[in-house]
Amino acid sequence: MDLLSNRFKKQATRKMKKTTWLWLLFNRYYSGKANARERHIIETWHPFSEEKSELDSESLERGCDEIWNSLSEKYLENTDIEKEKERFLAVSFRKVAMIAALFVLILFSLESLFDRTEPRMLRERLVMALSQKEYFETTDSIRKVELPDGSIVYLNCHTRLAYLPKLFNRERRDVWLEDGEAFFEVASNKEKAFVVHHGRLRTIVRGTSFNIRSYKTLGGDVISVRSGKVEVQTGSSLLGLLTINEEIVYDRVSEEYRRGMNDASDFTAWMKHRLVLKNATVAELKLRISQLYHKDLVFEQGVLSGICLSASFNASCSLENVLDVISELYGVDYKEENDRVIFYK
C-alpha cells in the first residue's frame, strides 16, 4: 500500500512539475522572452486533427509530454524552477490564483483543469498557441488580404502576417504581424476586439484604420492611426490610446517609446509607392530603396553614420533623382554596381 502511495505521489509530483514548467514556458512565450528553440517547438505542436477543433485533456497531456521531452533537459540545466515560480508569484495576485488552481486541479484530471474561471485564461492561451496558423506573405510587391470578418489588410513588401482560422472571430480577432509593415482597415465589431500581436506589443481596436511598421531589421515598432481609436499595450502596461494622426514609436532594445504626430498621407505613402523619410535611419533608407527600386544600398565606413534622414519623393521619382538629392543634402558621393548602390566620401 505504501509502495502504491509513493508511486502515486511521484506521478502527481511529476505532473505538477510539468504543469508549473509549462505555465512558466507559456508566460515567457507570450511576453516575448522565449528563445528560438522554445518558440519553434510551441508553434509547431499542433494536436488538432481535421475532425476536431477543441483541445481535449488527452491532447494537452500528450503535448505536455512532447514539449517536456523536447525542452526540459536544456531548461532544467539553466533554470531554477522554484526561483522562477517565486518571481511569477510576486507579479500579481491573479497569477498566484491561476498557478494555485493548476496545482490543485492537476491532481484530479486535466479535463477538470478547464472547468474553472481562472484556468480558462491559460486554456485560451494554450489553444491559441497550439492551433495551426495560416500565413500571408509578400516578397517584392504589396498584397491586399481580406480576413474572414471582413477586415482588409494591405501588406508591404517582405511582410509576414498570420492568424488562426479555427479561432479567428470567435471571442476575439487575433492576428500576428511577425515581420514587416501592414495597413489595417478593421471591420467594426464592438463585441470582438481586433488584436495585432507584433514583437512585444499588442495593438487593440474594435473598428478603425491604422498602420503598423514592425520590421525586425529596424529594431522597433511604429503604430500610426488614420481613423478611430487604437490601444497599444506591452505586457500588462498601456503605452497609450491613440487617435487620428497620432503614433507611438517603440524601441525594442531599450523598451522606451515616444508619442508623436504623423500625417496619414506620410505613414501610408508606401501604399502609393511614394518614398517618405522622417528622421529615418540608414537602415530604414536601405529598406525603402530595396522595396521601391529593388537595389541594395552599401555605405562605406562612417558614411551617413548616425544621420537621421528626412525627405519626401513622389511616386514618379526615379532612383537616380533620389540618390542625387541624398548625395547633395548630406555631402556624399555614390556609384552604381549591378544591383548595388555604394555611398562613399
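1. Helix H10 covers residues 319–330, and its length can be checked by a short calculation. At 1.5 Å a residue, its 12 residues should span 16 Å. The C-alpha atoms at its two ends lie 17 Å apart, which agrees with that expectation. The model under discussion is a predicted one, and the values in this note should be read accordingly.

2. Which residues of H10 are buried? They are Leu319, Val322, Leu323, Ile326 and Ser327. Viewed down the axis of H10, these buried residues fall within an arc of 130°, so they line one face of the helix.

3. The face of H10 turned away from this buried side has another character. It carries the exposed residues Glu320, Glu328 and Leu329. The student may wish to locate both sets of residues in the structure, beginning with buried Leu319 and exposed Glu320.

4. What do the buried residues of H10 pack against? Their partners include one helix, H9 (282–293). The strands they pack against are S14 (275–280), S15 (296–299), S16 (309–313), S17 (333–337) and S18 (340–344).

5. The residue Gly331 comes just after H10 and deserves a brief remark. Its phi angle is positive, at about 65°.

6. Helix H9, named above as a packing partner of H10, contains Gln291. Is Gln291 buried or exposed? Its relative accessibility is 7%, and because buried means under 20%, Gln291 counts as buried. Leaving aside residues up to four places away in sequence, Gln291 touches Asn156, Cys157, His158 and Tyr215.

7. Lys272 may be set beside Gln291. Lys272 is placed in the loop between helix H8 (264–267) and strand S14. With a relative accessibility of 63%, Lys272 counts as exposed, since the cut-off for that class is over 50%. Lys272 and Ala315 are separated by 43 residues in sequence, while their C-alpha atoms are 6.8 Å apart in space.

8. Some totals for the chain complete the picture. How many helices and strands does the chain have? There are 10 helices and 18 strands. The chain has 345 residues, of which 45% count as buried. Among contacts between residues at least 6 apart in sequence, 51% join residues at least 24 apart.

9. The final point concerns the surface of the chain. About 18400 Å² is exposed, and carbon and sulfur atoms supply 48% of that area.

Definitions and conventions: Residues are numbered from 1 along each chain as its sequence is written. This is a predicted model: local features need pLDDT of at least 70, side-chain atom pairs count only at pLDDT 80 or more; totals for chains, interfaces and linings use all residues. Side-chain values use heavy atoms; hydrogens and water are left out. Helices (H or I, at least four residues) and strands (E, at least two) are DSSP runs, numbered from the N terminus. The expected span of a helix is 1.5 Å times one less than its number of residues. Buried means under 20% relative accessible area, exposed over 50%, partly exposed in between (1.4 Å probe, protein chains only). The arc is that of the directions from the helix axis to the C-beta atoms. Contact means heavy atoms within 4.5 Å. Accessible areas come from the Shrake-Rupley method with a 1.4 Å probe; for residues, only the protein chains shown count as cover.
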